[in-house]
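Thank you all for coming; I would like to take a few minutes to walk you through one model, beginning with its overall fold and ending with its interior. Please have the sequence and the structure open while I speak.

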Amino acid sequence: MPTEPAAGEIAHDDMLRDRLTANLARHDVRQHPGEGRKHAAVAVIVLDSDAERHRADPVMGGINAEQRREMLADIPGAENDPTLTGDVEGTAGGAAVLLTRRGSHLRGHGGQWALPGGRVDDGETALEAAMREAAEEVGLELTSDDLLGRLDDYPTRSGYVISPFVFWLSDDRDPVANPAEVASLHRVSMRELTRDDSPRFVSIPESDRPVVQIPIGGDLIHAPTGAVLYQFRAVAYDGLNTRVDELEQPVFAWR
């Protein structure tokens, strides 16, 4: 069981749940028509975490410094940032959001950060797809009772419209990674999402839209996942009317 949050951590308690629920209820959700895009859904799962029990980043443990530099080479702005290591070790503690690192063998966006989710199948709603994908990828059987609300659709460069739904995990259900899809699971503290240096915006020559970056530990989370996390923090936690659908993805995520 996670311990009580330490100083600086955000408690996973009824007060936080009420805050997130109320702010999401006030949000006027922006939806995007398909217009030839495929529809996908993701689950933003808020759960408790322990700073010691959930601190590890096992995927990065066996990667040397040169390999880390190669991994960061395509990230805009990373070449002059000595704080970036590519790992998220030590980012748990208190209320957290569940992130996955996609398996490197996957055809689409292998090795990249993601929220549990995937394509909406014929005959199901986006909400049903988000819950089904959570069960398939991380072993969590979510229901409508766990739902707090939803965020804006995000159109991606790879031809999808992603609908994010926010869930609250209030019991001892533990996520378990499906190795066919997920390389590692990470409980990223909401303390990380509310850092003073978050979000970051950088320019790229390929677009006139700013690329959004969410610093997590020694790595940067980009759109679409980064855009969803940014709006979750701004809308659900801070109570702001922040839109993210015009924020750009880095070029490596366009495919």
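When I speak of a contact, I mean heavy atoms within 4.5 Å. With that in mind, and remembering that this is a predicted model, residues 24 or more positions apart account for 74% of the contacts in the protein chain with a separation of 6 or more.

The protein chain has five helices and 11 strands, and its radius of gyration is 17 Å, close to the 18 Å that the globule rule gives for 255 residues, so the chain is as compact as a globular protein of that length. Of those 255 residues, 51% count as buried.

Let me turn to the interior. The largest nonpolar core holds 39 residues, and among these L16, L20, L115, V166, M190 and F232 touch the most other members. Several elements each supply at least two residues of this core, including α1, β1, β7 and α5, and α5 gives the most, with nine residues. A second, separate core has 17 residues, with V120, M131, F165 and L169 among them.

How, then, are α1 and α5 placed relative to each other? Their axes come within 7 Å and cross at roughly 95°, and since angles of 65 to 115 degrees count as roughly perpendicular, that is how we describe this pair. On the α1 side the contact is made by L16, R19, L20, N23 and L24, and on the α5 side by F232, V235, A236 and Y237; these residues divide into seven nonpolar, one polar and one charged.

Technical notes: Residues numbered from 1 in each chain as written. Predicted model: local features only at pLDDT ≥ 70, side-chain atom pairs only at ≥ 80, totals over all residues. Heavy atoms only, no water. Core = buried A, V, L, I, M, F, W, Y, C linked by side-chain atoms within 4.5 Å. Buried < 20%, exposed > 50% of the residue type's maximum accessible area, 1.4 Å probe, protein only. Helix = DSSP H or I, 4+ residues; strand = E, 2+ residues; numbered from the N terminus. Axes fitted to C-alpha atoms, helices over the stretch in contact; angles between N-to-C directions. Parallel < 35°, antiparallel > 145°, perpendicular 65-115°, else oblique. Nonpolar A, V, L, I, M, F, W, Y, C, P; charged D, E, K, R; others polar. Rg over C-alpha atoms; globule rule 2.2 N^0.38 Å.
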